[in-house]
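Could you walk me through this structure in plain words? I'd like to know what to look at and how the parts fit together.

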Amino acid sequence: MAHRDADGITKSSSILPHNVCVQKDGKGSSRIILIGSDHGKRKQYFEQAAREAGICCSFYDWKDIRCIEQKEDLKRCVVKIDAPEWNSCRLNELDALTKQYEEGLLALSRLKAGAFWNHPLDIAELLDKQRCKKRLALAGVTVTEMYEERFSGREELFGFLRENRLHQVFLKPVKGSGAAGVTALRASLLPTNGRIALYTCAALEQGGLVNTKQMYRLEGADAEAYLDHLLKLDCVVEKWYPKSTFQKYCYDLRVIVQDGQIDYILPRLSKGPITNLQLNNHSMEFEALHLDETEERITELCIQAANCYPRLHGIGMDVLLEQGSGQPYIIELNAQGDLLHRDVYGENRIYRRQVELMREMLRQIG
């Protein structure tokens, strides 16, 4: 597979209208309905792809979803759902925000649409990391191991680590995205005490954790105070796998699967254990890793994972390649993980192919 970005990455500043259409169409025309946030690159570059393809696209902000059926003949529409704009970065509000989002997805699932790009009930399932990973594991998909135990405090967690002779794990809120609350914990625990260090992009401020775009390393009492707050949330604990490295960076992959085909593989490189790109980490071209033999294994794994969710036409997958063996593991699935800046500032291939696939869906629903 050969996917290359433009040599020069330029950012478009064009602001597109809420209704993108080459020709004038009435309410009864076939079109794409995009639901999301009015402020951001997802809307801008998806609408750009629709305009270039000559396909009508109407946009609705999440606050306006109740009026969609009044304004559109949804039986002739394909509906694409992007995430709403979160109005808080405080982790103790994450569950409430996610619940509100899930309620919105449930409401959208009742729309009598011709088709959904990604079905809202499956989008909601992927918000729950544990539920999604269990579904994948039951289907035989190779995933990073998630421990069944839950912990209400750090002493319970430390006891589990001692009992199982574990020295490093990842902790993650069950629901959340964008590395919110993701914590890489290293512990050298003796029977009664020991040393711990952790890496996270959450900061302890005014008695609570706040998600940031900066990485922190905490030790000792600071790390313990952080864990006391983190474990008040509903968190899962995962096995820490050593990631493959490239020029002193560790990396994992964001893989975009659309309609049973891999459309993009983006390596995400970091000096630390958390690779999310919004943390000022780096990306590169996949071909530069020279993983020709491993690519086939990645493809098979990701298509197998996508087959577990046939109502999701597009999925962003986080894939870990284990250091030494090169064994690929699914870390997480994201039903709204299709925005890659390296792509939209280049050829915008992901959204352009989405639009072409939706064109075919529109043909099928008449």
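Before we start, let's sort the amino acids: Ala, Val, Leu, Ile, Met, Phe, Trp, Tyr, Cys and Pro count as nonpolar, Asp, Glu, Lys and Arg as charged, and the others, Gly among them, as polar. Keep in mind, too, that what you're looking at is a predicted model.

Let's use that sorting on a pocket. Rolling a probe the size of a water molecule over the atoms shows where empty space is left. The second largest pocket holds about 490 Å³ of space. Its lining is made of 19 residues, and Trp62, Lys63, Pro84, Glu85 and Gln100 are the ones nearest the centre. Sort the lining residues of this second largest pocket and you get 7 nonpolar, 6 polar and 6 charged. Which helix gives the largest share of that lining? Helix α3, residues 94–109, with 6 residues.

Now move on to a sheet. Strands of a sheet pair through backbone hydrogen bonds, either parallel or antiparallel. Here, 6 strands make an open sheet with antiparallel pairing, and the order across it is β6-β11-β7-β8-β9-β10. At the edges sit β6 (146–147) and β10 (208–219), each of which pairs on one side only.

Try stepping through the sheet strand by strand. Strand β7 pairs with β11 in the antiparallel sense over 5 bridges, and Pro173 stands opposite Cys235 in β11. Strand β7 also pairs with β8, again antiparallel, this time over 4 bridges; one spot to find is Phe170, whose bridge partner in β8 is Ala184. Further along, β9 (residues 194–205) is joined to β10 by 8 bridges, and these two run antiparallel. Look for Tyr199 there: its bridge partner in β10 is Arg217.

What lies across these strands? Helix α6 (residues 154–163) lies across β6, β7 (168–173), β8 (183–189), β9 and β11 (235–239), and runs at about 65° to β8. As for β7, this strand is mostly covered, with 5 of its 6 residues buried.

Last stop: Ile350, which you'll find in helix α10, residues 349–365. Is Ile350 buried or exposed? Its relative accessible area is 1%, so Ile350 is buried, since buried means under 20%. If you skip its neighbours within four places in sequence, Ile350 is in contact with Ile256, Gln258, Tyr264, Asp338, Leu340 and Asp343. For a sense of distance, try Ala113: it is 237 residues from Ile350 along the chain, and the C-alpha atoms of the two are separated by 23 Å.

How values were computed:
Residues are numbered from 1 along each chain as its sequence is written. This is a predicted model: local features need pLDDT of at least 70, side-chain atom pairs count only at pLDDT 80 or more; totals for chains, interfaces and linings use all residues. Side-chain values use heavy atoms; hydrogens and water are left out. On a 1 Å grid over the protein atoms alone, a cavity is a set of points where a 1.4 Å probe fits but cannot get out, and a pocket is an open set with protein on both sides within 12 Å along at least five of seven lines; lining residues have an atom within 4 Å of a point. Grid points are joined across faces, edges and corners, and a volume is the space filled by probe spheres set on the points. Two strands pair if DSSP finds at least two bridges between them. Contact means heavy atoms within 4.5 Å. Axes are lines fitted to C-alpha atoms, for helices over the stretch in contact, and angles run from 0 to 180 degrees between N-to-C directions. Buried means under 20% relative accessible area, exposed over 50%, partly exposed in between (1.4 Å probe, protein chains only).
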